[in-house]
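User: Could you take a close look at one chain here, its overall build and then one helix pair inside it? Keep it casual, but spell out the cut-offs.

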Amino acid sequence: MRTLEVTAEVAVPIRTAYDQWTRFESFPRFMSTVREVEQVRPAVTRWLIGLGPVTREFHAEILEQEPDSHISWRSWDRRLRHAGTVSFTPVDPQRTLVTIAVRCATWTGPGVVTLPLVRRTLAAELEHFRVFIEGVGDAGETWRGTIHDGRLKHLKNQPPTVPGWQHG
Amino acid sequence: MRTPSHEETPGELTRTEPKDWAAGVPAVRKALEYSLSETTPRRTALTLLTMNQVTGIDCPGCAWPDPAPGKRHVNEYCENGAKHINDEATSKRVTREFFAQHSVSDLAQRSDQWLNDQGRLTEPMLKRAGSDHYEPVAWREAIGLLADELRSLDSPDEATFYTSGRVSNEAAFLLQLFARAYGTNNLPDCSNMCHESSGAALHETLGTGKGTVTLLDLQHADLVLLVGQNPGSNHPRQLSALEETKLNGGRIVAINPLPEAGLKRFKNPQKPRGVVGRGVDIADRFLQVRIGGDLALFRALNRLLLEAEDAAPGTVLDRDFIDTSTSGFEAFSDHVRSTDWDQVLTDTGLTRAEIEGLRDEVLASDRVVVCWAMGLTQHRHAVPTIREIVNFLMLRGNLGKPGSGACPVRGHSNVQGDRTMGIWEKMPDGFLDAIQQEFGFDPPRHHGVDAVKAIHAMHDGDVKVFLGMAGNFVSAAPDTAYTEEAMRRCRLTAHVSTKLNRSHVVTGEAALILPTLGRTEVDVQDGGPQFVTVENSMSVVHQSRGKLEPSSRLLLSEVAILCRLARATLGPDTTVPWDTFEADYGAIRDRISRIVPGFGDFNARVAEPGGFALPNPVNEGFFLTETGTAQFSVNTGEAPHAPPGHLVLQTLRSHDQWNTIPYTDDDRYRGIHGSRRIVMVNADDLTELGLAEGDLVDVVSVWGDGVERRAPGFRLVPYPTPRGCAAAYYPETNVLVPLDHVDETSGQPASKSITVRFERV
């Protein structure tokens, strides 16, 4: 298994950097290889990524999510099996170090998709993130709960509105 | 037209080797053969190519969920769904001439298969009191007659309103609204006979009666347990999801009394490996458990997991989940640790090594899904069994995280949605308060009757009018002779139906057949073309739009029938805008959005491609139980064991059957052809009982009430069912199921554990 790691220092507070990163569905606005993201449910996202003419869709499960600290995921794609962590470290109150570490278990795709290319792409996309969030400066209100081993823990005790009676 | 097959005459039985794989090219061929024998190539193409598509017809056959929009095959259906939809789309018609030719007593001698085969009903028919014939009647008179009868009752509780799972959300909402405006909570439904035990167990332990998994969870689980279900025949599209599970590296263990073809191997006809290859192996491990041995199995499995934790502390159980999100662990643990191995092996018919093998599968898996169907729910200890499965899931934290959870596989297209819409005899005050606030009348607060209690009430003369919305209540219900007598004691029985079935010919003094549009048909009202909505087994609510020209110009939609009946019964002072509802189903959905939690902005959300998913509290980190935590439980209950000379019988479907309606006398996967009046018995049991293959016997059930229940004229077939266990088809063997032979918590009939003996004819 190979691990790729890229880092960038972002000139926003850690909360802003984290909050923007959790807005997964906004990634296509500033990342050139992310075509579409759907938050299927809090711990599951669907990604459509593309590099030139090559596209790939996969689901990712968020295994761990700790506000202002880190998000870990694993893909559910048998041809693009990987796991990763994005971590946020405060440099000072207005600056944050963002590190993406991706571990690739299997990577059976077109031959042009090599690990060095993936590393360059990750670095470029992280730079896109830096430019975007520094330019916008504010990520707004986001979900601040935690996920541990794929399971949610909410900050507030507000269950979803559902038909709560017995079903047959 | 096929030859009528009378109920008590066994056909010519032939046998072939049971199949060890399901689907493939033969499934496509059989589906097309049946479809084209029923209707034209054009209508067949129209139904099949729009079936389960985003803007198409939701298959009325089962509640299995559809892939996300954009991920569906052009042919997004299974063999049985194709047969079912074209059974409805048939070009055959039942006309007034048919009823003139056939008396009710003549029709009562026919099988459900023959009745179904006559085609679509075309106009309202009335059997007057004292008459032996149905005669045509105008809609106004038919509905007026039913309304008059309802108004004449001493109490609204003398009527009961049954719902089958084909009924749309809109019609179900209107039915419960009408019943409550009229003054009763007598709302039995088919859930009472299929998954009531699942709902009761899950609601008590997890705070939700619905399953917690989605298709994605199933496809990405490390381990899937298929318990008491036969996906190859009863929900074949599940096999496509299980194929994905296997291709993703997941493993599957099947736990079932019968080694069904669909549990072994699946040849996906949409993929080259399914057409010319050997397909995909489904179960990596098969545990042939005795009928009703599942509680003992899971209790033993849980004991093994606790002992594995003892041996390697901190490595087996999810202590964080148990400590923070559950209650009752200590009592559960104490109870399970006392499990007696000898009893487990007797109850399950398995070896200890087999159960330990299952434990090892579990220990090697981070994410586990358990699927089940009526092999678990139709027992006297069904609720304890399902609660024990919840215990199992909780031990290793297999709830509320992706790739894990509980998956009760519901069988009928909108059975879950109908309950969501308020079809239940015990709806909570919050729902009734919302009805009151929205419509300005006070719904009755006392509980109504479920299916079993409704039958008793009709038998005792306490219920005098029965209205069935879809379904075939008489054949679906247990204790056929008692149920039929109950129906015959009613003053009026009425059924909203698409095709003829036994419930139309076992009647009250008077009877009505109210023919309705099928799911396949275009529905145009004063407000223009309408669509309906349904909720699948994984809580996705979506549209269904009919495509075919209606079978008759005199058909009314279910919604229209209910609106007209409500107007006629409740009179001009009703506070419910029935006219508006009939003209525009969107107006019904607007009201649903204000009454049913989770349906806010219903019309806009269901207009989205693929509809919307109702959230599951468990997956959002909430357990809406009394304690606010998931509840471990202590479960007792005896596995069924028959006394000497007897066997435990389960009733089941054949492959060529949809609910109560067989399409042919064949059961292709099990290799049984030409007759449905057979009993599958272990060859060693046959020998021990002094019987032989092909012997003709009466099947007699044994129950504590002293009533003899007899199903005459069955052939014995040696089959690889566990020792002491037997299997036969329903509805033919429903006659053997005592009405009060139920799970005591859910009240669901225990149709899968009947003690029987054979009497040679």
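Analyst: Chain B has a radius of gyration of 25 Å, which agrees with the value near 27 Å for a compact globule of 761 residues (taken over C-alpha atoms; the rule is 2.2 Å times the number of residues to the power 0.38). This is a predicted model, where local features need pLDDT of at least 70, side-chain atom pairs count only at pLDDT 80 or more, and totals for chains, interfaces and linings use all residues. Residues are numbered from 1 along each chain as its sequence is written, with chains lettered from A and ligands numbered from 1 in the order in which they are written.

The C-alpha trace of chain B spans about 75 × 60 × 55 Å along its principal axes. Of the 761 residues in chain B, 63% are buried, meaning 20 or more other C-beta atoms, placed from the backbone, lie within 10 Å of a residue's own. Chain B has 32 helices and 33 strands, as DSSP runs numbered from the N terminus (helices H or I, at least four residues; strands E, at least two).

Now the helix pair. In chain B, the axes of α1 (residues 25-38) and α3 (residues 79-88) come within 8 Å and cross at roughly 5°; axes are lines fitted to C-alpha atoms over the stretch in contact, with angles from 0 to 180 degrees between N-to-C directions. That makes α1(B) roughly parallel to α3(B), the label for angles under 35 degrees. On the α1(B) side, the contact (C-beta atoms, placed from the backbone, within 7 Å) is made by A27(B), K30(B), A31(B), Y34(B), S35(B) and E38(B). From α3(B) come E79(B), A82(B), K83(B), N86(B) and D87(B).

Notes. Angles under 35 degrees count as roughly parallel, over 145 as roughly antiparallel, 65 to 115 as roughly perpendicular and the rest as oblique. Two residues are in contact if their C-beta atoms, placed from the backbone, lie within 7 Å. A residue is buried if 20 or more other C-beta atoms lie within 10 Å of its own, exposed if 12 or fewer, and partly exposed in between; C-beta atoms are placed from the backbone.
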